[in-house]
Amino acid sequence: MTFRHLYPKLLILFITLVTSASAANLSVKDFTFDHLGTLDGLSSQRVYSLYKSKDNAVWWTTKQGVDRNNGAVVSNYSLSSNGLYSSSAGKVVRFAHNMCAKDEMYVFDNAGCIFHYDKIQNRFDMLIDVAKELNRPVMMKDVLIGNDCLWIAMKEGVFKIMTNEGNKLVATKYKFGCRYILPYRDKLMFCGIDGLYNMNGKKISDDVVICGYYDAKLNNMWLGTMDKGVRVIKNVDRNEQVVDLNITANPVRAITPYSDNRSVLIGVDGVGVFQSNRSASETNLLFSANDGPNGVLHGNGVYDIMVDAWSNIIV
């Protein structure tokens with residue numbers, strides 16, 4: 001689903017307002033809405049994650065594979081997997097996220113299969129079947145692209161795939177179940193199944209974090225939790241101050257900055273999309289999944305949010 005500004009003059013008006021001291025918030029009235037479905041080329045109504053490539057095309061993962069929208073045509077890509085422990089039942093496909101400048105695209109499924117996008121052949125090739133390598137079923141939660149490896153978050157612990165060593169699978173010292181890996185500066189934060197861990201493997205919080213965003217300019221870490229809203233750690237690793245945004249008890253699935261460099265968008269499953277200023281002092285509901293004046297998501301769950309090169313919001 002794509003949200004576009006109504007008119008260029010409103011976009012200019014919006015920019016003017018957000019650069020003033022009394023900046024106005026984004027409003028549902030600033031956008032028009034296009035709902036995309038299978039009739040528009042989607043391979044499935046179940047969309048799990050979003051990705052923007054260097055050519056500004058919008059990609060999303062579905063239960064059937066990967067789709068790409070170049071602004072005119074939706075293309076579908078299949079993911080061929082004959083994994084011993086793979087099954088279409090309960091399959092969830094997601095994009096790996098990136099902590100470096102590499103222009104590489106990876107997708108993975110929760111059964112442990114990781115695929116790499118070949119730009120020349122325009123296809124996704126199997127990189128590794130982690131379940132097959134370990135000879136047991138796994139529950140893969142997240143993949144983070146590093147400079148010389150892929151960090152793998154699984155219920156079974158944290159592993160690395162050494163991409164400069166023939167895609168060798170290596171166990172790490174982090175044996176706890178992990179949902180999400182959040183990079184910040186030159187460090188990592190591990191969002192475990194039972195709490196938050198630092199790179200020393202020390203548990204620093206009981207918060208069950210499932211998504212996050214690091215604001216490098218302000219040195220603030222935004223953490224989306226399963227049932228306690230959003231926790232913002234200001235001035236990370238220094239004189240930390242914690243701000244809790246108790247906006248919901250529903251899972252916070254996505255946190256991403258908006259293109260005005262002043263706002264942060266927060267996606268809450270079953271509730272909608274909130275907006276906050278970067279200092280986390282003001283937060284309000286922008287798009288609602290329920291009835292009401294902001295009810296434009298029509299009851300759909302929110303699994304990911306992305307802002308494209310033209311300031312459109314994809315949910």
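## Exercises on a predicted strand-rich model

The largest pocket has a lining of 50 residues, and Leu-50, His-97, Tyr-180, Gly-212 and Asp-304 are the ones nearest its centre. Keep in mind as you work that the model is predicted.

**Exercise 1. Describe the largest pocket: its volume, the strands that line it and the classes of its lining residues.**

Solution.
- Step 1: Start with the volume. The largest pocket holds about 1700 Å³ of space.
- Step 2: Look for the strands behind the lining. At least two lining residues come from each of E3 (47-52), E7 (93-95), E8 (97-98), E12 (140-145), E16 (178-184), E20 (209-215), E24 and E28 (306-307).
- Step 3: Sort the lining by class. There are 31 nonpolar, 7 polar and 12 charged residues.

**Exercise 2. Summarise the protein as a whole: how many helices and strands does it have, and what percentage of its residues is buried?**

Solution.
- Step 1: Count the elements. The protein has 2 helices and 29 strands.
- Step 2: Turn to burial. Of the 315 residues, 50% are buried.
- Step 3: Add the contacts. Taking those between residues at least 6 apart in sequence, 43% link residues at least 24 apart.

**Exercise 3. Work out the order of the sheet that contains E24, and explain why one side of E24 and of E27 has no neighbour in the sheet.**

Solution.
- Step 1: Write down the order. Four strands form an open sheet, E24-E25-E26-E27, and their pairing is antiparallel.
- Step 2: Find the edges. E24 (252-257) and E27 (283-288) each have a single partner strand, so each is left with one side lacking a neighbour in the sheet.
- Step 3: Add the twist, which averages 25° from one strand to the next.

**Exercise 4. Follow E26 through its two pairings: how many bridges does it make with E25, and how many with E27?**

Solution.
- Step 1: Take E25 and E26. They pair over 6 bridges in the antiparallel sense, and Val-264 has Ser-276 of E26 as its bridge partner.
- Step 2: Look at the turn joining them. The hairpin of E25 and E26 has 3 residues between the strands, and Gly-270 adopts a positive phi near 80° there.
- Step 3: Move on to E26 (residues 272-277) and E27, an antiparallel pair with 5 bridges. Phe-274 sits opposite Leu-285 in E27, while Val-273 has Phe-287 of E27 as its bridge partner.
- Step 4: Check the second turn. Between E26 and E27 the hairpin has 5 residues, and Ala-280 has a positive phi near 65° in it.
- Step 5: Finish with burial. E26 is mostly covered, with 5 of its 6 residues buried.

**Exercise 5. Decide for Ser-263 and for Gly-41: buried or partly exposed?**

Solution.
- Step 1: Place Ser-263. This serine lies in E25 (residues 263-268).
- Step 2: Apply the cut-off. Ser-263 has a relative accessible area of 10%, so Ser-263 is buried, since buried means under 20%.
- Step 3: List the contacts of Ser-263. Setting aside neighbours within four places in sequence, they are Pro-257, Tyr-258, Ser-276 and Arg-278.
- Step 4: Place Gly-41. This glycine belongs to the loop between E2 (31-34) and E3.
- Step 5: Use its area. At 23% relative accessible area, Gly-41 is partly exposed.
- Step 6: List the contacts of Gly-41. Beyond neighbours within four places in sequence, Gly-41 touches Asp-67, Val-74 and Asn-76.
- Step 7: Compare sequence with space. Gly-41 and Asn-69 are separated by 28 residues in sequence, with 9.2 Å from C-alpha to C-alpha.

Methods. Residues are numbered from 1 along each chain as its sequence is written. This is a predicted model: local features need pLDDT of at least 70, side-chain atom pairs count only at pLDDT 80 or more; totals for chains, interfaces and linings use all residues. Side-chain values use heavy atoms; hydrogens and water are left out. Two strands pair if DSSP finds at least two bridges between them. Axes are lines fitted to C-alpha atoms, for helices over the stretch in contact, and angles run from 0 to 180 degrees between N-to-C directions. On a 1 Å grid over the protein atoms alone, a cavity is a set of points where a 1.4 Å probe fits but cannot get out, and a pocket is an open set with protein on both sides within 12 Å along at least five of seven lines; lining residues have an atom within 4 Å of a point. Grid points are joined across faces, edges and corners, and a volume is the space filled by probe spheres set on the points. Ala, Val, Leu, Ile, Met, Phe, Trp, Tyr, Cys and Pro count as nonpolar, Asp, Glu, Lys and Arg as charged, and the others, Gly among them, as polar. Buried means under 20% relative accessible area, exposed over 50%, partly exposed in between (1.4 Å probe, protein chains only). Contact means heavy atoms within 4.5 Å.
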